[in-house]
Amino acid sequence: MTGGTELPQVRTALPGPLSKVALQRKDRVLNGVLRDFEGVPFVEARRHDYLIEDLDGNTFADHVSAWGAAPYGAHPPTVRAAQLAAWDRYGMEITNYLQTEPVIELAERLVALAPGRIARVAPTVTGTEAVEGAVKLAREATGRPMILSFLGQYHGESTYLAAANSTDTSVPTTGNAQYVPGFVFAPYPHSFRGPFQRGAGPFDDTLTLDFIENWLLRLQVEPTQIAGVLIEPVAGEAGILAPSAEFWGGLTALCDRYGWLLILDEVQTCLGRCGTVFAADLWGLEPDILLLGKGLTAGGQAIAAIMATDAVLADSHTHLGGTYAWEPAACAAALAGLDLLASGEVLANVKELGAVAREELLPLVDRFEQVGDVRPLGAWVALEFVTDKASITAAPAFGWAVHQNMLRRGVLAISEGNKPLYRMQPALTMPPELFRWSCRQLAEAIAQVAADPPVE
Ligand SMILES: Cc1ncc(COP(=O)(O)O)c(C=O)c1O
């Protein structure tokens, strides 16, 4: 125990005997990317508090939190109660045709929270659909065909628009729709691994703006053809990259000059993850279109949203959503989540988690040659591994070895084979002592792997 918080325990080899059998069954019936995947060598039996228990009784501190969709732990009681009460009252209902009060209240509450001139909501189920809808809306609102997007972002898994923009895949695949017309790309602003630069950073991420102005707009596309700029305010899957204030100043100036809509994909960053309600609040950004997902779910049912200004959404004829968008129980759960966020305790805890991450993990850059960069932000931290600080050559095998070492210690975070990244994404409400314990495990795991680093 750590200050009353139960610590995880791994009692068997991984996978344990019962998980092994279940994983073999999985490999016979699930699709390619889920087959033979060794990143999570167990099958979950249940989740309680901030621990995941596997079929063999091993427990792991949960630093995935359903990829951010369970921001208040496994079963926040008020979310559960609200969701069940709404289901008892309405059952499944189709919001695209018939309205209920939870839908209207959720839209009102989100509009009140959102930055700038955001005034309306269009319901969706997933973040992917929200991105798809945003692109359609930007084209409708401006009458322009092109979207300026950023290499290294992730926007979802659809066949067309969102996948075309999801250039941050752990394993690049042929057959992805990255060949669709209608997009121009600039590199995502990156202070550690900037393009057009060599050697050790930190780099000036406003070089991306030079590339847009002096290359894209001169040689590839006229500014009047661009409807909007699709950008994650903090790039999550790329390893928690937060652009500089100078970058945002320059980008929003371009939007103003050329009439481009600013589309912020906050599917991953919304509702507390970065320590503010929206990541936009970190820089006072005022988007024209704002996309929400994950955190909005509050650990309840699938729900996401497109929010936009009156100019974009009030008179739009674009069809969005679908059968399952904003069914009442999902909205009731989301409303209960907003109540939790409004209490102030959640953001106070995020602040503490951020302080712990900075205190425990930032010093690792000086301690280990292979820790190239540590990027903490709110309840979120990514470590980027390198073979050495001079060349900053990516070291994914090192990251993978750290991940395997952490699993044996009872910590599950996010690591994908081909990326040199290790990302901790706990619930916003994780007890700070469990988070600190996990960070200390990470320092020990890195020390063990660094003593005999794997070949890259
Ligand atoms: C920034 C961002 N946009 C969109 C998506 C896609 O959301 P979903 O998985 O709900 O379709 C994700 C998912 O990870 C994301 O991180």
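A salt bridge here means a side-chain nitrogen of Lys or Arg within 4 Å of a carboxyl oxygen of Asp or Glu. By that yardstick, a search of the whole structure turns up 18 salt bridges. Keep in mind that you're looking at a predicted model. Let's use some of those charged pairs as a way into the fold.

Start with the open sheet, where four strands line up in the order β1-β2-β3-β13, with mixed pairing. The edges are β1 and β13 (411-412), each of which pairs on one side only. As a reminder, strands of a sheet pair through backbone hydrogen bonds, either parallel or antiparallel. Within this sheet, β2 (residues 51-54) and β3 (residues 59-62) go antiparallel, joined by three bridges. If you want a spot to click on, take I52, whose bridge partner in β3 is F60.

Now for the charges around these strands. Side chains of opposite charge can pair when their charged atoms come close. R46 does this with E53, and their closest N and O atoms sit 2.8 Å apart. The two ends of that salt bridge have rather unlike surroundings: R46 is partly exposed because its relative accessible area is 46%, while E53, at 17%, counts as buried. Another salt bridge joins D62 to R47, with 3.3 Å between the closest N and O atoms. This one ties together distant parts of the chain, since D62 belongs to strand β3 and R47 to strand β1, 15 residues apart. D62 has a relative accessible area of 7%, so it is buried; R47, at 24%, counts as partly exposed.

Helices get linked too. R257 and E213 form a salt bridge whose closest N and O atoms are 3.3 Å apart. Here the pair connects helix α7 (residues 245-258), which holds R257, with helix α6 (residues 207-220), which holds E213, across 44 residues. E213 is partly exposed, its relative accessible area being 31%.

Next, move to β12. How many of the five residues of strand β12 (residues 381-385) are buried? Five of the five are, so the strand is largely enclosed by the rest of the structure. In a regular strand the side chains alternate between the two faces of the sheet. In β12 you can see both faces covered: V381, L383 and F385 are buried on one side, and A382 and E384 are buried on the other.

β12 also has strand partners to look at. Strand β11 (residues 371-376) runs antiparallel to β12 and is joined to it by five bridges; one residue pair to look for is R375 with its bridge partner A382 in β12. The hairpin of β11 and β12 has four residues between the strands, and in it G378 takes a positive phi near 55°. Strand β14 (residues 421-424) pairs with β12 as well, again in the antiparallel sense, over four bridges. There, E384 has L421 of β14 as its bridge partner. Two of the residues you've just met come back in a charged setting: R375 and E384 are linked with R193 and D373 in a network of salt bridges.

What about the ligand? The residues surrounding it are T126, G127, T128, Y154, H155, G156, E232, D265, V267, Q268 and K294. A few of them have polar atoms worth zooming in on. G127 uses its backbone, with an N or O atom 2.9 Å from an oxygen atom of the ligand. Q268 and K294 use their side chains: an N or O atom of Q268 is 3.1 Å from a ligand oxygen, and a polar atom of K294 is 3.0 Å from a ligand oxygen. On its own the ligand has 390 Å² of accessible area, and the protein covers 84% of that.

Two loops round off the tour. S158 is in the loop between β5 (146-151) and α5 (161-165). Is S158 buried or exposed? Its relative accessibility is 18%, so S158 counts as buried; the cut-off for buried is under 20%. The side chain of S158 makes a polar contact of 2.3 Å with that of E132. L30, in contrast, counts as partly exposed because its relative accessibility is 40%. L30 lies in the loop between α1 (17-29) and β1 (44-48). Together with V29, V33 and L34, L30 forms a nonpolar patch on the surface, and the four have about 400 Å² of accessible area together.

Key: Residues numbered from 1 in each chain as written. Predicted model: local features only at pLDDT ≥ 70, side-chain atom pairs only at ≥ 80, totals over all residues. Heavy atoms only, no water. Patch = residues over 30% accessible without salt bridge, like charges linked within 9 Å, V, L, I, M, F, W, Y side chains within 5 Å. Areas by Shrake-Rupley, 256 points an atom, 1.4 Å probe, with all protein chains shown as cover. Buried < 20%, exposed > 50% of the residue type's maximum accessible area, 1.4 Å probe, protein only. Pairing = 2+ DSSP bridges. Near = heavy atom within 4 Å. Polar contact = N/O pair within 3.5 Å; in protein donor to acceptor, adjacent residues only side chain to side chain.
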